[in-house]
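Below is a short note on the model, point by point. It starts with the ligand site and then turns to three individual residues.

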Amino acid sequence: MCIFCKIIDDEIPSKKVLENENFLAFEDINPQAKIHVLVIPKVHIQSFNEMTPNIMAEMTSFIQEVTVTLGVKSDGYRLITNIGQHGNQEVKHIHFHILAGEQLGRLV
Ligand code: AMP
């Protein structure tokens, strides 16, 4: 079972930010910004390559809820999903990083 599936099952502890039946948001263990939260679907999907439009639509609403919960919606944030080898994806369970809480450096 992958590490994020274990987090979903509470086999590995996490600092949960928001949860519903289908999605979970929790703090990244190695934060790259003052606020660094990961958002995952509870169903195991390897990466954005395997996402379906329906799950992506539900996940969009959930991510927007998380940004409200974190209080970062109006000041802004960065949303990233790494995909595959060239994208440096370490954990093969799709996740969106929310980076926020400070002025972020420009990437692109
Ligand atoms: P990625 O490189 O996009 O696959 O990102 C994987 C992320 O998962 C990294 O930012 C890690 O710090 C994070 N991570 C790995 N294990 C854990 C864990 N047990 N709890 C929280 N975050 C984790």
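1. Placement of the ligand. The ligand sits in the largest pocket. Keep in mind while reading that this is a predicted model.

2. Surroundings. The shell around the ligand holds 16 residues, and those that come nearest are Asp28, Asn82, Glu90, His95 and His97. Sorted by class, the shell has seven nonpolar, six polar and three charged residues.

3. Secondary structure at the site. Two elements, α1 (3-8) and β2 (23-27), each supply at least two residues of the shell around the ligand. Helix α1 gives the most, with three residues.

4. Polar contacts of the ligand. Which side chains place a polar atom by a ligand oxygen, and at what distance? For Asp28, an N or O atom of the side chain is 2.5 Å from an oxygen atom of the ligand. For Asn82, a polar side-chain atom lies 2.8 Å from a ligand oxygen. Asn88 takes part through its backbone: a polar backbone atom of Asn88 is 3.2 Å from an oxygen atom of the ligand.

5. Cover. On its own, the ligand has 510 Å² of accessible area, and the protein covers 86% of that area.

6. Gln89. This residue lies in the loop between β4 (77-80) and β5 (96-100). Is Gln89 buried or exposed? Its relative accessible area is 6%, under the 20% cut-off, so Gln89 is buried. The side chain of Gln89 reaches the backbone oxygen of Val91 at 3.0 Å.

7. Thr67. Helix α2 (53-70) contains Thr67. Thr67 counts as buried because its relative accessibility is 1%, where buried means under 20%. A polar atom of the Thr67 side chain lies 2.7 Å from the backbone oxygen of Gln64.

8. Asp75. The loop between α2 and β4 is where Asp75 is found. With 75% relative accessibility, Asp75 counts as exposed, the cut-off for that class being over 50%. Its C-alpha atom is separated by 29 Å from that of Ile7, and the two residues are 68 apart along the chain.

9. Recap. For the ligand, the points to check in the viewer are the side-chain contacts of Asp28 and Asn82 and the backbone contact of Asn88. For the single residues, they are buried Gln89, buried Thr67 and exposed Asp75.

Terms used
Residues are numbered from 1 along each chain as its sequence is written. This is a predicted model: local features need pLDDT of at least 70, side-chain atom pairs count only at pLDDT 80 or more; totals for chains, interfaces and linings use all residues. Side-chain values use heavy atoms; hydrogens and water are left out. A residue is near a molecule or strand if one of its heavy atoms lies within 4 Å of it. A polar contact is a pair of N or O atoms within 3.5 Å; within protein, one must be able to donate a hydrogen and the other to accept it, and residues adjacent in sequence count only if both atoms are side-chain atoms. Accessible areas come from the Shrake-Rupley method with a 1.4 Å probe; for residues, only the protein chains shown count as cover. On a 1 Å grid over the protein atoms alone, a cavity is a set of points where a 1.4 Å probe fits but cannot get out, and a pocket is an open set with protein on both sides within 12 Å along at least five of seven lines; lining residues have an atom within 4 Å of a point. A molecule sits in a cavity or pocket if more than half of its atoms lie within 2 Å of its grid points. Helices (H or I, at least four residues) and strands (E, at least two) are DSSP runs, numbered from the N terminus. Ala, Val, Leu, Ile, Met, Phe, Trp, Tyr, Cys and Pro count as nonpolar, Asp, Glu, Lys and Arg as charged, and the others, Gly among them, as polar. Buried means under 20% relative accessible area, exposed over 50%, partly exposed in between (1.4 Å probe, protein chains only).
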